[in-house]
Amino acid sequence: MKSRSLLVFALLAAAACGGKKPAETPAPAPAPAPIDSTAIKARMRQDSINAAEARARAAADAAARAAAQLQAQLSAEVSAMIHFDFDKADIKPEDQANLDRKAAILKANPGLSIQIAGNCDNRGSDEYNLALGNRRAAAAQRYLINQGVSASQITIVSYGEERPVNPANDEAAWAENRNDQFTPTAGGNNLVAPK
Amino acid sequence: MRAAVALGLLVLAAAPLRAQDPIDRGVRVGITYTAGTRPRLVLLPGAGLDSVRAILQRDLDFSDRFEVLPLESGSAASGSTVNYQLYRTLGAEYGVDVRSDAAGVVVRLHDIGSGTVRQQQPFPLPAQSAPGFRMAVHRVSDEVVRWVTGTPGVAATRLVVLMNKRAYRVDSDGADVTPITPASETVLSPTWSPDGRYVAYTRFLDGAGPIMLHDLATGRAQRVFGTESQLNFTPAFSPDGRSLAFARTDQQGGTDIYAVNVTDQCCLRRLTVGRFADNLSPTYAPDGRRIAFVSTRPGTPQIYAMSSDGTDQELLAPYDYGATGPSNAPEWSPDGASVAFHRDIDRAPQVFILEVGSRRFKQLTSSGRNSDPTWAPDGRHLAFVSDRSGRAQVWIIDTETGRIRQLSLTGEVRLPHWSRRFGAASP
């Protein structure tokens, strides 16, 4: 016990002697403007901080842009319309990839809910078109549910021929107006990309 | 003397009209009806009452029951006696004499052939500036039609139509176009209650469409029980006004017909179970026991019928599978004998009448697109939408004579529905 106390004392004494060398006296130089090394260091430090922050901001901006771009892309994919043949409510083969992508996004975002609105051109009977629009909305709804989307994420509605995308009266307009429109009703922000 | 000259010219002018009358459609039951002709009627000249005469003259012409001889208004102030001989030379069988009295007018129907007054009656009329004036004059003309034919005319009626997503009412002669719903709302499927007090329609919202019961006297609209959710459309009143049948979408993509007790706002019942077919556009038979409707069960929409409780469903209007175009918008005639609807021929809708007893059709239109027929209360006139003039307008056809006239309205018109007759209590 005693021997250990002595050792500690010796070590402390040695350390004290080492830090206490006699001070050298340099030749007195002509006194230049005193360099404020503390200020320089502070400035350099600040510059590096600023640069780092700028880099971080740029990175954050880029990330935000990328995220916004992804959000916009996901939103666009969720909202992309599908189209129908005259007096038909069958999903066309060329729209399946569109719906598959919607299904993946909906599954990756269980908080996302959408309304599917079925629309018709103005050639059929006005009131029959309300029923046809509902069939069209249900066709997409059924497709998505078959892809594993929860039924609770989808509501359907029909606008018949009441809300044409293109008010013109020709084949091109009619083709545009026979569609399903997809609108997020909840959880449409901060979508997660499907893996 | 001047009048006699004017009338003499009329004889020459009127004679060729006979040749233009539609040919033989069979002898009608009636005192003076003969095949292919309408009895000639003249509104006897008199002092004053120009606007009354003008409305009567047009109503009697629009009744399609008479050939109304044109007379310059006020061309001859007749005395107390009627120059029967003069009108006999014109070929007139009836003369209608209108004179003022303290409360309104006294109307006399003269039988020109026998030179006697066949009927006369005083009719109180409101002031010409009062809102009920035109309708009161329409009721006078409907009564004159009844004196001659046994059946009242349909001048004292209105149509409800859609123009630019708004419901309007318009008198049967095209006058007094009045909006019912505000410009801020989109509505569909307007329909009269049998008593003319209400118009029911779909208020078209973003995710739903309730049916509203709009009280025309107060302007207040009340949501119909059972139509809070989903899209509810094509409402139709039962003839007693107690039930409202309508179509309703579901979340599985289907559309089915329901009925609700609209006087007690209760008792929603489902009348069809479509599963893979849609059912819509119900219309009650006048006895209230049958409902005609549209069903897509054959693949295309066609006209079916069922009991008003939903049982006993059957195909009503025959069709050829795969060949007949879609058939829509049925409306049962007030006499129960027919159902009017439209059916696509070469992708353009045309108006048809189905005789319910024989299941035989009559195609009424062929030029342009003609759709959404609706019956006048006489079961003889039909209004429908046609684009034959270049834009969608309401046209009125007399199914007996084939005479047709346009109900001129500004803008595109859709989905007309004709009221029943308005009683004296209506404005």
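**Exercise 1. The contact between the chains**

Task: Find how many residues chain B and chain A each bring to their contact.

Solution. Work through this predicted model one chain at a time. Chain B gives 33 residues to the contact. Chain A gives 24 residues. Next, take the area. About 2,300 Å² is buried between chain B and chain A. Carbon and sulfur atoms give 45% of that area. Now look for the leading residues on chain B. B:Phe204, B:Asp206 and B:Gln251 supply 22% of the area that chain B buries against chain A. No other three residues supply more.

**Exercise 2. Polar links across the interface**

Task: Count the salt bridges between chain B and chain A, then check one of them.

Solution. The count is 6 salt bridges. Take the side chains of B:Asp278 and A:Arg135 as the example. Their N to O distance is 2.7 Å. The cut-off for a salt bridge is 4 Å, so the pair B:Asp278 and A:Arg135 at 2.7 Å passes. Polar contacts come next. Between chain B and chain A there are 16 residue pairs in polar contact, counting those with both residues at pLDDT 80 or more. Which strands of chain B help to build the side that touches chain A? Strand E9 (187-192), strand E13 (232-237), strand E17 (279-284) and strand E29 (413-418) each supply at least two residues.

**Exercise 3. One residue in detail**

Task: Describe where A:Glu162 is found and decide whether A:Glu162 is buried or exposed.

Solution. Start with the position. A:Glu162 belongs to the loop between strand E3 (154-160) and helix H5 (171-177) of chain A. Then test the accessibility. Buried means under 20% relative accessible area. A:Glu162 has 5%, so A:Glu162 counts as buried. Now list the neighbours, leaving out residues up to four places away in sequence. A:Glu162 touches B:Lys165, B:Leu188, B:Phe204 and B:Arg414. With B:Arg414, the side chain of A:Glu162 makes a side-chain polar contact of 2.7 Å. B:Phe204 also appears among the three residues that supply 22% of chain B's buried area against chain A.

**Exercise 4. Classifying aromatic pairs**

Task: The structure holds 8 aromatic pairs over all chains. Classify the pair of B:Phe123 and B:Trp147, then the pair of B:Phe341 and B:Phe352.

Solution. Two values describe a pair of aromatic rings: the distance of the centres and the angle of the planes. For B:Phe123 and B:Trp147, the centres are 6.2 Å apart and the planes are at 40°. That pair is tilted. It links distant parts of the chain: B:Phe123 is in strand E5 (residues 116-124) and B:Trp147 is in helix H4 (residues 133-149), 24 residues apart. Both B:Phe123 and B:Trp147 are buried.

Now the other pair. The ring centres of B:Phe341 and B:Phe352 are 5.8 Å apart, with planes at 15°. Planes under 30 degrees apart count as stacked, so the pair of B:Phe341 and B:Phe352 is stacked. B:Phe341 is in strand E22 (residues 338-345) and B:Phe352 in strand E23 (residues 348-355), 11 residues apart. B:Phe341 has 0% relative accessibility and counts as buried. B:Phe352 is buried too, at 7%. Together with B:Phe361, B:Phe341 and B:Phe352 form one aromatic cluster.

**Exercise 5. Charges over rings**

Task: Find what lies over the face of A:Tyr159 and over the ring of B:Tyr258.

Solution. Over A:Tyr159 lies A:Arg163, 4.1 Å from the ring centre. Over B:Tyr258 sits the charged end of B:Arg248, 5.5 Å from the centre.

Conventions. Residues numbered from 1 in each chain as written. Chains lettered and ligands numbered in written order. Predicted model: local features only at pLDDT ≥ 70, side-chain atom pairs only at ≥ 80, totals over all residues. Heavy atoms only, no water. Phe/Tyr/Trp six-rings, centres within 6.5 Å; stacked < 30°, edge-to-face > 60°. Helix = DSSP H or I, 4+ residues; strand = E, 2+ residues; numbered from the N terminus. Buried < 20%, exposed > 50% of the residue type's maximum accessible area, 1.4 Å probe, protein only. Lys NZ or Arg CZ within 6 Å of the ring centre and 35° of its normal. Contact = heavy atoms within 4.5 Å. Buried area = accessible area lost by both parts, 1.4 Å probe. Polar contact = N/O pair within 3.5 Å; in protein donor to acceptor, adjacent residues only side chain to side chain.
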